[in-house]
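Welcome! Please take a moment to look over the sequence and the model below, and then we can walk through a few of its features together.

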Amino acid sequence: MSIPIKRVAVLGAGVMGQGIAAHFANAGIPSYLFDIAPDELTSQERERGLSLDDHAVRNRLAVAGLGSIAKSKPPLLYHKDLASLIAPANYQDDIGNLAECDWIVEVVVERLDIKRKVFDMVEEHRRPGSVVSSNTSGLSVADMAAGRSEDFRRHFMVTHFFNPVRYMRLLEMVPCEDTDPDLFRAVAEFGEHVLGKGIVYAKDTPNFVGNRIGTFGMTSVFHWMGEFGLGVTATDKIFGPAMGRPKSAVFRTADVVGLDTMAHVLTTVSESCPDDPWRERFRVPEVMTSLVEKGALGEKSGAGFYRKTRDEAGARQILALNLDTLEYEEQPKVRFDSIGATRNLEETADKVREMVWYDDEAGRFAWKVTAETCLYSAELLGEIADDVVNIDRALRWGFNYESGPFQTWDSIGLERSVERMKDEGMAVPRIVETLLAKGEGSWYVRREGVTYYWDVEKEDYLPVPVADRQISLASLADRGKVLDHNEGATLYDLGDRIGLVEFHTKMNSIDAQIIEMIDGACDRVNSGDLDGLVIGSEAVNFSVGANIGLIGMLIMADMWDELEQAIRGGQEAYMKMKYCSGPVVVAPRGMALGGGCEAVMHGDAVRASAETYLGQVELGVGVIPAFGGCKELAFRFYGSAPATAKPNLFPLMEQIFSTIGLGSVSGSAEEARDLRFLRATDRVTLNPDNVLADAKADVLAMLATGYQPPRPTTVPVPGRDGIASLKVMAYTMRRGGYISEYDEYLARKLAHVICGGDVPQGTELSEQDFLDLERAAFVELCHEEKTMARIQHMLSTGKPLRN
């Protein structure tokens with residue numbers, strides 16, 4: 001069963017309603033964003049002579065919600081133009097519009113009485129057969145469905161999005177007793193494939209899965225930080241990346257969610273779960289109550305556990321709350337040996353294992369919280385969700401943890417950790433003892449390329465459910481589908497005579513091994529061994545750029561011929577991609593910067609994850625794009641000029657200069673079209689797990705329609721006239737204090753390349769002409785001491801140096 005969702009209604013224009021409407025817009029689906037019509041005028045409305053009958057007044061709250069979407073940081077929309085898909089509305093005047101909607105999402109305040117009043121309106125005006133769902137974070141779906149008509153109940157469910165909706169993948173779904181099971185599956189499929197969400201199937205229990213376990217972990221942190229005497233900054237340092245969690249850790253996350261929301265979630269469990277053995281932990285901490293009473297609700301109020309401010313010099317700083325005095329203070333320097341021991345570890349499992357078994361204060365703190373969270377998750381198995389997979393996914397997708405509690409338990413060693421838990425007097429659930437007695441000593445196992453999980457009801461391992469449109473590279477490797485491999489990259493057989501090149505260097509930085517693999521994979525297509533290629537991976541980031549450490553080594557060793565050849569080799573491999581006899585579809589996700597961005601731009605087509613951030617940022621380390629990045633932008637901009645005798649190339653030239661010179665990075669795949677890193681014909685997939693499969697489908701579609709590789713062309717260039725204009729621009733910026741003297745020097749070098757060199761305006765240049773200019777400028781810049789200083793600074797700090 002599939003459901004055509006062509007228009008939705010979002011009932012409630014608050015923070016969550018804004019996020020949901022914005023994300024439907026991201027998926028190309030128009031919506032009505034509803035809120036109440038105010039019963040009082042504002043002072044500004046009175047001054048303008050408006051009345052309560054004026055449309056502008058009646059839609060004020062919904063319009064304000066739309067305004068908040070437009071101003072949100074981080075942005076809720078993939079592109080600002082998508083805001084046009086959201087229409088403000090109010091219940092009194094526009095309620096009849098519900099009949100146009102295929103899906104109605106309720107997002108009002110978390111009070112059952114108010115939700116019931118809203119559902120009364122919905123039931124009166126909805127079209128029979130339309131989906132109705134609540135975004136409640138924990139109210140009972142049975143209580144909300146009670147008393148409603150049969151058709152309403154058959155089409156009713158909970159669809160709990162997590163905030164911020166664009167960035168948090170989790171969508172928890174809970175049916176009511178009468179929900180049509182086929183419809184429920186169809187909505188889940190829509191959420192997964194159209195909205196890009198990770199679906200977790202929860203049961204009708206308070207706070208469902210993600211918030212129930214996630215907030216318990218936070219309460220465990222509150223409890224033990226007091227025991228260990230650690231403050232906000234130290235705690236967030238421990239429970240951040242060192243434990244496989246986001247940098248926002250515990251208290252920054254609470255500030256983002258909102259302390260009032262956090263307090264409500266905790267109270268829901270405390271009041272609704274009298275039999276929960278850890279119920280006392282869900283009492284709202286006194287410090288959180290104090291902050292909420294003062295209106296310090298986190299980011300939305302400007303202060304919570306942290307407060308953003310400026311120092312005496314006007315520089316931005318973030319102060320942390322002293323939990324004893326409730327005053328904001330400068331954050332102390334935090335150092336723990338255990339955290340230091342995790343820095344050189346790549347895998348999350350290794351980091352977490354190192355932390356919890358390390359014998360220092362941070363390690364013992366990490367152990368206590370991890371042990372309690374694992375035990376609590378096991379205790380709730382069967383009550384809040386049927387299996388460990390849904391619980392692990394809820395924590396990964398709803399809290400951005402790199403591993404869920406059961407995956408974490410496997411990482412630290414199930415049997416070893418259970419022994420320590422018992423030694424410390426912790427009660428271990430019977431199901432854990434059963435697993436140790438009858439299973440293989442872990443919650444998950446791999447067999448012949450398939451991951452299995454321990455099912456506590458069947459007391460056996462079952463395959464982890466995987467979406468049809470998900471390609472697992474680990475599974476391909478286990479099944480012997482590796483065609484070629486080196487330290488930097490692997491070529492897989494995707495089936496149907498399609499290959500896939502995966503990068504796997506650190507941060508997927510482009511090095512000689514990756515270039516060699518791309519070159520060899522293209523040779524296989526050109527020789528007829530393969531029909532086409534996908535270039536992508538399951539990594540968080542496609543590629544952060546070229547390996548600048550290797551470039552620095554070549555510079556320090558005065559290996560200039562080798563450096564020039566390395567750049568030439570990258571150019572030739574990327575050109576081979578572009579002109580390969582079969583289609584090459586590049587499938588980026590996350591960051592695609594520098595040489596990674598250039599790789600994307602040389603594909604026949606791109607199938608990008610919606611959250612792809614592309615940019616040519618080479619000037620930050622004192623060089624210019626030299627794997628064809630300048631060339632590709634030149635051809636995309638100058639090639640778009642009207643075919644007249646003397647096209648005006650200067651506005652196009654200035655856009656290229658600004659894009660590369662400022663190191664512009666797109667905030668999404670859609671924004672990358674504006675910068676010309678993606679073309680209008682390139683396609684975007686919202687669910688990152690589907691990107692590789694969709695890219696393969698694109699290759700097959702291109703073959704099915706009689707693929708022919710592109711033909712080389714030339715473009716007119718601004719030449720020396722353009723160089724002169726850009727030099728003046730750079731000089732003006734330096735004189736105005738906007739850029740440094742060396743930045744001006746870099747800008748002149750960049751101008752020479754993107755304008756086509758010292759030639760008359762209108763001269764037609766080939767791609768090879770641009771590549772030669774890029775390579776010469778790159779090598780010349782590498783001779784500069786300040787470029788080497790920038791490279792060394794980037795390697796040591798990870799940040800660009802302005803000198």
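In which loop does Pro74 lie? Pro74 is in the loop between helix 4 (60–71) and strand 3 (86–90). Helices here are DSSP runs of H or I with at least four residues, strands are runs of E with at least two, and both are numbered from the N terminus.

Before going on, a word on how to read this. This is a predicted model, in which local features need pLDDT of at least 70 and side-chain atom pairs count only at pLDDT 80 or more, while totals for chains, interfaces and linings use all residues. Residues are numbered from 1 along each chain as its sequence is written, and side-chain values use heavy atoms, with hydrogens and water left out.

**Backbone angles in the loops**

Most residues other than glycine have a negative phi, and most peptide bonds are trans. The table lists some places that depart from this pattern.

| Place | Backbone value |
|---|---|
| Lys73 to Pro74 | cis, omega near -5° |
| Asn163 to Pro164 | cis, omega near -5° |
| Asn400 | positive phi, near 60° |
| Arg676 | positive phi, near 70° |

Pro164 is found in the loop between strand 6 (156–161) and strand 7 (170–175). Arg676 has its place in the loop between helix 29 (669–674) and strand 23 (683–685). With a relative accessibility of 26%, Arg676 counts as partly exposed; buried means under 20% relative accessible area, exposed means over 50%, and partly exposed is in between, using a 1.4 Å probe and protein chains only.

**Helix 18 and what follows**

Helix 18 covers residues 388–399. How far apart are its end C-alpha atoms? They are 16 Å apart, which agrees with the 16 Å that its 12 residues should span at 1.5 Å a residue. The expected span is 1.5 Å times one less than the number of residues.

Helix 18 is mostly covered, with 11 of its 12 residues buried. Among them are Val388, Ile391, Asp392, Arg393, Trp397 and Phe399. At the start of the helix, a side-chain oxygen of Asp387 comes to within 3.1 Å of the backbone nitrogen of Val389.

Asn400 follows helix 18 and lies in the loop between helix 18 and helix 19 (405–412). Asn400 is partly exposed, at a relative accessible area of 39%.

**A small sheet and a pocket**

Strands of a sheet pair through backbone hydrogen bonds, either parallel or antiparallel. Here, three strands form an open sheet in the order 9-10-11, with antiparallel pairing. Strand 9 (306–310) and strand 11 (328–329) are the edge strands, each pairing on one side only. Two strands pair if DSSP finds at least two bridges between them; strand 10 (residues 316–321) and strand 11 have two bridges. Leu321 has Tyr328 of strand 11 as its bridge partner.

Strand 10 also helps to line the second largest pocket, as do helix 10 (210–228) and helix 11 (232–238); each gives two or more residues. A pocket is an open set of points on a 1 Å grid over the protein atoms alone, where a 1.4 Å probe fits, with protein on both sides within 12 Å along at least five of seven lines; lining residues have an atom within 4 Å of a point.

The lining has 24 residues, and Met225, Leu230, Gly231, Val232 and Leu323 lie nearest the pocket centre. Helix 10 gives the largest share, five residues.

Key. A polar contact is a pair of N or O atoms within 3.5 Å; within protein, one must be able to donate a hydrogen and the other to accept it, and residues adjacent in sequence count only if both atoms are side-chain atoms.
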